[in-house]
Amino acid sequence: MTSGQFRSFVLPATVLLLSTALLMPPELRAEENVTISGKISSINGEPVVGAEVYLYASGNTRKPADFISPKTTPTGVYRVIVPKAVYRAVARLKKGERYGPLMPGDRHSGEPVKIVPDEENELTLDFTVADMQELAQRREKGRTDLAEISGIVSSDGKRIASVYVYARTGRLTATLPEYFSGWTAADGRYNLKLPPGLYFLGMAAEFPPPETAAALKEVMISAGKLPVAIDLQLPLQ
Amino acid sequence: MIAGPTFSFLLLHSIVYHYLMVNRVTRQPNIGNRVILSLILLLFLLLPPQNAEAAIIATDTVWQNEMLLTEDILVPPGVTLTVRPGTTVRVSPAESTKTDPEFISPLIEITVRGRISIEGSLEAPVRFMSAEPGKGGEWGGLLLDGGEAALKNCTITGADSALYLLDAKLTAENTTLSGNRHGATVIGSDGKVSITKSIISNNDYGIIIIARTEPLLTGTTVAGNRKKDRWKEDLPTAPEYQKNSYAPSLLPIARTYTDEALLGDTVWRGRIRVEGNLRIPEGSRLLITPGTVIEFSRKDTNNDAIGENGILIQGTIIAKGTKLAPILFRSAEKSRKMGDWDSVNLMNSDKAENLFENCIFEDAYRGLHFHYSTVKVASSSFRNNFRGIQFQESAVEILDAEFIANRSGVQGRDSFIRFSDNRLFDNHQGVNFFRNNLTFSANQISGTLKEAVRIREGNATIDRNIITGNRLGMLLTDIYYGAVTNNLLANSSETALSMRSVDNIEVSNNYLGRNGANGLNLQDVRAEIKGNLLVSNAERGIGITSFSGTISGNSFAGNGLYAIDLESDEDIDAVGNWWGGEAPVAVVFDRQRDRTRGRVLADTVAAQPASFTWPLDLLSGQITLAGDIVINGHPEVPKGSALTVSPGTTVRFAANAGLKVHGRLTSAGTPAKPVRFTALAGKSPGSWDEIALEQAVDSTISHTLIEYATWGIHSHFTNLRIDHLLARQNIGGMRFRSGPVLIRQSVFRENSIGIRSYIGNAVIEENVITANEIGLFVRERGSGLTIRNNNFSENSDYNIRSGDFNAEDIPAAENWWGGQEPLATIFDGRMEEGVGKVQLEPYLKSPVNLENAGIK
């Protein structure tokens with residue numbers, strides 16, 4: 001390169017780049033970037049090659065993505081560097097156009113995942129992609145059979161109306177319970193449907209129940225057609 | 001493979017189709033358009049009919065030449081469909097399984113909410129017909145749902161109802177309605193129908209009028225229809241209920257949502273506005289607290305007059321209102337209309353039970369709509385929606401809910417359903433279930449303008465429902481297993497219970513009475529029909545087209561035409577029924593009257609009616625009892641209802657049982673056939689409770705026996721007329737408060753107290769009051785009584801006892817006191833100071849001739 005070429009092209013370009021960098025919004029400056037990487041697998045756990053991660057800067061994921069990762073390697077690995085920001089991410093394996101509806105054989109990771117970068121500026125995020133139609137069909141065949149428990153709610157030997165029973169899968173009360181019955185009538189009877197498993201039952205008169213610690217009754221529910229009778233004598237929340 | 005000429009033909013066809021159906025020939029075409037139209041019309045002559053798919057006609061549209069409809073057509077408000085002279089519209093027959101609630105008929109139909117103008121001429125009339133003509137009823141018809149129609153020189157054939165006019169405005173001239181099931185159905189309370197110089201003939205029914213306003217038929221012939229030319233029915237009526245919408249106290253809007261997804265747990269409180277489609281993805285939950293108001297703005301991008309904003313639940317929803325603080329889902333518009341918003345939709349939501357408790361859904365297209373989900377709806381209300389709830393492939397409980405003034409209450413298919421203790425009033429259609437495992441119990445359905453209950457395929461247990469005051473009661477088709485027991489099916493404008501292609505079903509202990517046509521219709525039915533009460537139906541107790549099974553232990557009485565009308569040529573087994581005191585031959589239509597028909601084998605005639613145990617807690621509607629009735633508990637005749645007890649009826653009460661009347665009671669005995677109210681077991685006073693009348697306005701009791709009760713009659717604030725009553729061996733014959741009460745030509749005998757008055761307003765005249773402990777006890781305020789021309793005798797304590805709290809004198813002149821010194825038979829102020837006196841002067845020296853008092 002001659003000095004003339006340098007003056008006429010490289011120098012102005014450098015000045016332009018520097019000034020552009022200075023004028024760039026902070027979120028697009030190099031030091032504000034974040035690296036997102038991970039592995040994309042099938043529902044059988046096998047690596048998926050040729051898949052892409054789509055990143056959206058808003059909650060609207062039904063539009064062209066703001067960023068798209070390079071396609072995954074034969075080991076299913078992807079890596080993308082993007083300005084540091086909050087994103088919603090989905091993984092897709094599309095055979096045809098990048099945009100538009102999923103076609104038969106295309107795979108998708110389902111609900112968008114919210115990404116909030118931390119101070120490390122390095123994030124690992126794995127996806128599982130599947131054929132949505134196939135997934136829906138599997139789901140339909142395996143529709144959840146809920147077991148039913150039923151009984152009387154009482155306190156101090158008196159049946160209680162206008163309360164409900166809830167079931168938690170753990171003893172922690174900081175989160176909302178997973179399952180709720182309807183309000184009891186004057187006879188104190190409740191009915192609650194839930195998948196078989198181990199639960200902690202409580203009862204409350206206000207909805208949602210307060211987060212204060214409550215007396216809970218531990219029960220194991222098995223699959224069955226007939227309601228399981230479980231009477232509850234617990235202090236009210 | 002498409003050959004060249006065929007391909008050209010299809011291409012040409014597609015161009016014409018595109019022009020006429022996609023762009024649709026709209027508004028007034030300009031000259032250029034007219035030229036194009038002429039060319040197209042020329043081409044069109046060479047083409048087969050075009051298909052119109054399920055279509056919402058969003059702009060003004062013209063039909064002409066040949067049309068083939070293979071799906072429904074909807075003309076929304078503000079849009080006009082014009083049909084040019086010479087047009088022929090053929091409609092494909094289909095028993096559709098479509099689920100859209102905005103259509104009225106299950107068949108293919110043209111629904112008009114806007115305007116239709118049919119411009120036939122004498123030379124080129126317009127014709128609507130079935131694409132595959134049959135007996136009539138292959139397609140739905142021209143259905144005006146609040147819309148407007150002007151018909152000229154038009155012929156409609158092959159429809160279920162050629163014209164179905166629901167609160168519609170119609171002018172028709174030179175129109176022929178022929179070869180349909182129904183020529184015209186005029187329905188509703190707000191329509192105006194004028195049919196001029198037209199012909200309505202050769203239909204099953206010519207014109208059906210279920211409307212407040214009579215159609216104007218000028219120079220129109222309604223004749224030659226197969227069943228009836230004209231059928232007039234009262235508008236179906238529902239019992240009194242809370243008609244006002246819930247009015248919450250409105251807070252400022254807490255949050256507005258547009259098109260978005262809510263991840264994780266979201267809890268709603270206060271007032272929420274939805275201006276888009278909100279989604280709760282799988283794994284996420286929406287929890288709604290008591291008192292929350294959710295309002296949906298109206299968005300109608302396809303101009304079909306139905307809003308599109310709503311909520312889609314793919315996770316779980318728990319909407320837990322309370323009675324005092326319900327959760328309200330409704331339109332956000334100032335002027336709220338049916339269909340302003342879409343629905344709360346659930347899809348594949350079966351990981352937990354979704355719960356809607358004390359929720360109110362108003363102004364929606366479908367209040368709730370779900371597939372593949374587990375849902376419980378309790379104590380909730382659905383008002384003014386196109387459809388209250390629609391679902392399929394789900395596990396569903398709908399309990400203690402009300403469905404008021406919706407176009408359609410509930411529709412569900414391919415599901416496990418428990419539908420109990422619900423109330424459906426004043427809907428156009430009630431419930432429509434298809435291919436379910438169904439438990440349907442203790443529901444109340446009234447005021448429905450079409451079928452209250454329609455159940456097709458699957459199996460069904462139908463028990464303890466009250467289905468009264470609808471146009472059609474219950475229609476069961478293609479049910480392969482089930483039972484219809486202990487239901488009240490009454491006051492339908494047409495038939496109460498129709499069964500078609502039904503197998504392995506028990507129909508027992510149902511009340512099928514006072515319906516406008518038949519109590520029960522049977523077509524291709526195998527069933528056991530036993531212990532039902534079929535009474536006072538305007539036409540038939542049972543109309544049979546074809547039947548295999550047994551009909552036994554039923555009571556028939558007072559049916560207008562026949563107890564059983566057998567149309568088929570096969571004999572049926574109907575031994576052991578009670579025929580209302582008649583010989584079977586007098587009330588059965590079979591081979592004895594028409595040699596082409598089979599025989600009703602009713603040789604064994606029950607001398608006594610079979611006992612019919614009243615199956616419910618209510619005697620709701622206009623109910624007539626006949627035969628032998630057993631009462632358990634205290635069933636109630638609610639306000640607005642009326643109970644008539646036919647001559648010769650015996651009502652037997654179990655221990656402690658009684659009757660509560662808040663409506664009207666008519667005990668209509670005659671001298672030859674008195675009514676009897678007696679004990680089921682025991683022949684001593686107090687063997688049953690009482691007949692309690694509470695503001696039971698205009699009740700009457702004539703030629704009636706009441707015995708072995710605690711109190712025979714216990715009346716409060718009721719204008720009650722009693723004549724020829726025999727009240728005997730009760731603890732008390734009768735007690736009343738207020739009135740006015742008239743008691744005459746009656747006998748009170750062998751009771752502890754014959755009559756007891758408390759602040760009474762009554763005339764007691766020409767009665768025999770004898771052999772009681774106390775003939776007449778006046779507890780308080782005796783001055784309101786007029787007691788005259790009665791024979792008091794042999795009452796062991798007193799003929800009249802003035803109570804300790806009665807400070808007023810009791811007017812009782814001109815009575816006979818049993819031949820004793822009158823004052824010796826009376827306890828009053830003469831014996832205890834401060835108590836009112838019986839004013840007995842002048843009194844009769846000899847008994848009044850009352851030999852016809854009471855019953856014989």
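Biologist: In this model, what percentage of the 237 residues of chain A count as buried?

Modeller: Of the 237 residues of chain A, 23% count as buried, and since this is a predicted model, that value describes computed coordinates. Chain A has two helices and 18 strands, and of its contacts between residues at least 6 apart in sequence, 65% join residues at least 24 apart.

Biologist: How should I read the pairing in a sheet, and in what order do the four strands of the open sheet 13-12-15-16 of chain A pair, parallel or antiparallel?

Modeller: Strands of a sheet pair through backbone hydrogen bonds, in either a parallel or an antiparallel sense. In chain A, the open sheet of four strands in the order 13-12-15-16 has antiparallel pairing, and its edge strands, strand 13 (179-180) and strand 16 (217-221) of chain A, each pair on one side only. Strand 12 (residues 164-168) and strand 13 of chain A are paired over two bridges in the antiparallel sense, and Ala167(A) stands opposite Tyr179(A) in strand 13 of chain A.

Biologist: Which strands are at the edges of the open sheet of eight strands in chain B?

Modeller: That open sheet follows the order 2-5-8-11-13-15-18-21 in chain B, with parallel pairing; its edge strands are strand 2 (55-56) and strand 21 (228-232) of chain B, each of which pairs on one side only. Strand 2 of chain B runs parallel to strand 5 (residues 73-75) of chain B and is joined to it by two bridges, with Leu74(B) in strand 5 of chain B as the bridge partner of Ile56(B).

Biologist: How do I read burial for single residues, and is Gln444(B) buried or exposed?

Modeller: A residue is called buried if 20 or more other C-beta atoms lie within 10 Å of its own. Gln444(B) is buried because 22 other C-beta atoms lie within 10 Å. Gln444(B) is found in strand 45 (residues 444-446) of chain B, and, leaving aside neighbours within four places in sequence, Gln444(B) is in contact with Arg423(B) and Ile466(B). Ser568(B), by contrast, has 18 other C-beta atoms within 10 Å and is therefore partly exposed. Ser568(B) sits in the loop between strand 58 (562-566) and strand 59 (572-573) of chain B, where, not counting residues up to four places away in sequence, Ser568(B) touches Ile544(B), Thr545(B), Ser546(B) and Gly598(B).

Biologist: How many residues of chain B are in contact with chain A, and which element gives the largest share?

Modeller: The size of an interface is often given as the accessible area lost when the parts come together. Here the description rests on contacts: 23 residues of chain B are in contact with 18 residues of chain A. Strand 23 (260-261), strand 24 (265-268), strand 30 (316-320), strand 33 (354-357) and strand 36 (374-378) of chain B are the elements that give two or more residues to the side of chain B that touches chain A, and the largest share, three residues, comes from strand 36 of chain B. By class, that side has eleven nonpolar, three polar and nine charged residues.

Biologist: Where in chain B does pLDDT stay under 50?

Modeller: Where pLDDT is low, the predicted coordinates should not be read in detail. In chain B, pLDDT stays under 50 over residues 1-53, for which the model has 42 contacts beyond four places in sequence. Chain B has a mean pLDDT of 90, with 92% of its residues at 70 or more, and for the complex the predictor gives an ipTM of 0.80 and a pTM of 0.82.

Methods
Residues are numbered from 1 along each chain as its sequence is written. Chains are lettered from A and ligands numbered from 1 in the order in which they are written. This is a predicted model: local features need pLDDT of at least 70, side-chain atom pairs count only at pLDDT 80 or more; totals for chains, interfaces and linings use all residues. Two residues are in contact if their C-beta atoms, placed from the backbone, lie within 7 Å. Ala, Val, Leu, Ile, Met, Phe, Trp, Tyr, Cys and Pro count as nonpolar, Asp, Glu, Lys and Arg as charged, and the others, Gly among them, as polar. A residue is buried if 20 or more other C-beta atoms lie within 10 Å of its own, exposed if 12 or fewer, and partly exposed in between; C-beta atoms are placed from the backbone. pLDDT is the predictor's confidence in each residue, from 0 to 100. Two strands pair if DSSP finds at least two bridges between them.
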